[in-house]
Amino acid sequence: MSHRPSSGLAAVSTALLAMSRHLEVRDVLKTIVASARELLDAEYAALGVPDDHGGFAQFVVDGVTDAQWKAIGPLPRQHGILAAMLRDAKTERLADVRKDPRFEGWPAAHPDMSDFLGLPVKDGEETIGALFLANKRCPKPQGGCGFTEEDEELLSILAQHAAIALTNARLYERSRELTIAEERSRLAHELHDAVSQKLFSLRLTAQAAAALVDRDPARAKGELQQVAVLAAEAADELRAAVVELRPAALDEDGLVNTLRTHIQVLDRAHSAKVTFDSRGIRALPAAQEEALLRVAQEALHNALRHSGAGEVDVALIRRGQGAVLSITDNGRGFEPRAVRRAGRHLGLVSMRDRASGVGGRLTVQSAPGKGTTIEMEVPGG
């Protein structure tokens with residue numbers, strides 16, 4: 001890899017653009033590590049984010065296979081060279097890390113490393129990570145390190161911008177946590193209001209039935225039938241709210257399996273038939289997967305609670321590097337031109353915001369008596 005200034009600056013620019021495309025902390029860490037390894041033409045790269053207990057909250061590597069990483073074992077502790085970078089906040093460039101007096105050895109499955117370049121990632125005065133590379137792919141000077149002062153300078157520039165990207169990603173995740181908390185609070189209020197209204201109606205109807213039993217049995221029977229209907233609606237409200245309040249298992253199960261499970265629950269809980277089809281989907285950036293899930297949940301809520309649909313079909317299909325989600329129902333539909341009223345009622349504004357927030361787009365097709373199709377497309381990463 002040529003390290004002339006022009007090529008170095010171009011490579012740094014490419015790395016910074018790659019980092020800026022991600023919002024999730026884990027995605028940012030992976031991009032930083034892969035960019036650093038490619039930029040400096042190293043065999044291995046890693047970045048550790050320390051916790052408060054002498055270990056690492058997150059530790060991301062590049063150049064090591066999944067099988068190798070599994071064989072290496074638990075995450076490293078803050079010791080040896082890693083501890084020095086976090087404690088002393090200075091760059092380390094070594095000809096052979098194994099000969100450094102601070103070196104404390106590796107697990108048996110750990111790949112062998114020699115020349116080493118590492119530095120802290122800092123946010124102001126706070127050290128928020130340690131970024132390091134090993135085994136420069138070039139002829140080594142006799143007894144010297146393959147990494148040069150120019151490599152050190154380039155990695156320092158990358159680390160400064162990595163700190164910004166990592167800080168922004170953390171702020172994004174915190175803001176998302178606040179949004180989720182607000183959403184859960186909103187759902188709790190909706191649950192309270194909806195179920196309270198249903199139970200109030202249920203009580204009044206039951207009282208009316210009791211008063212009519214002796215003097216008008218026919219009317220009493222009708223009131224009791226209404227009691228059964230209201231009880232069923234209250235149960236549906238509770239089931240739907242429980243499903244929405246349950247945290248999504250995206251990290252563990254992935255988007256396809258999470259959607260499938262969610263739809264299976266809805267299919268059992270509602271009289272309408274709810275189906276799911278998925279083809280060719282691969283992993284998408286975490287923010288896009290969450291947006292797709294939330295839009296699917298909102299659209300399904302609308303279809304099952306407001307449209308009167310007997311069938312709802314959900315599809316998630318790969319398109320290029322991204323994916324298209326569609327939710328189609330055979331319900332009563334509405335007039336899309338009445339955007340303001342329908343938008344508020346069906347949550348279309350929030351769905352469009354979710355789509356645009358991850359670089360996607362949302363379209364709505366509907367007509368009175370003709371059902372509704374909501375489609376969301378995301379670009380992938």
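**Exercise 1.** Which side chain meets that of Glu377 in a salt bridge? Name the partner in this predicted model, and then find where the two residues lie.

*Solution.* The partner is Arg361, whose side chain meets that of Glu377 with 3.2 Å from N to O, and this is within the 4 Å that a salt bridge allows. The next step is to place the two residues: Glu377 belongs to strand 10 (residues 372-378) and Arg361 to strand 9 (residues 361-366), and the pair, 16 residues apart, links distant parts of the chain. As for its surroundings, Arg361 has a relative accessible area of 45% and is therefore partly exposed.

**Exercise 2.** Decide whether Asp151 and Lys136, which form a salt bridge, are buried or exposed, for Asp151 and for Lys136, and state which elements they tie together.

*Solution.* Start with the contact itself, in which the side chains of Asp151 and Lys136 come to 3.2 Å, N to O. Asp151 lies in helix 5 (residues 149-212) while Lys136 lies in strand 5 (residues 126-136), so their pairing ties together parts that are 15 residues apart in sequence. Buried means under 20% relative accessible area; Asp151, at 0%, is buried, and Lys136, at 8%, is buried as well. This salt bridge can be set beside a search of the whole structure, which finds 12 salt bridges.

**Exercise 3.** Classify the aromatic pair of Phe59 and Trp69, and explain why it receives that class.

*Solution.* Five aromatic pairs are counted in the model. For Phe59 and Trp69, the ring centres are 6.1 Å apart and the planes stand at 0°, so the pair is stacked, given that planes under 30 degrees apart count as such. Phe59 is part of strand 2 (residues 56-62) and Trp69 of helix 3 (residues 66-72), so the pair ties together parts 10 residues apart in sequence. Turning to accessibility, Phe59 is buried at 8%, whereas Trp69 is partly exposed at 26%. Finally, both residues belong to one aromatic cluster, which Phe56, Phe116 and Phe132 complete.

**Exercise 4.** Which residues of helix 10 are buried, and which exposed residues does the face turned away from them carry?

*Solution.* In helix 10 (residues 348-357), the buried residues are Leu348, Met351 and Ala355. These residues cover an arc of only 65° around the axis, and therefore they sit on the same side of helix 10. The face turned away from this buried side carries the exposed residues Asp353 and Gly357. Beyond the end of the element, helix 10 is followed by Gly359, which has a positive phi near 80°.

Technical notes. Residues numbered from 1 in each chain as written. Predicted model: local features only at pLDDT ≥ 70, side-chain atom pairs only at ≥ 80, totals over all residues. Heavy atoms only, no water. Phe/Tyr/Trp six-rings, centres within 6.5 Å; stacked < 30°, edge-to-face > 60°. Helix = DSSP H or I, 4+ residues; strand = E, 2+ residues; numbered from the N terminus. Buried < 20%, exposed > 50% of the residue type's maximum accessible area, 1.4 Å probe, protein only. Arc of directions from axis to C-beta.
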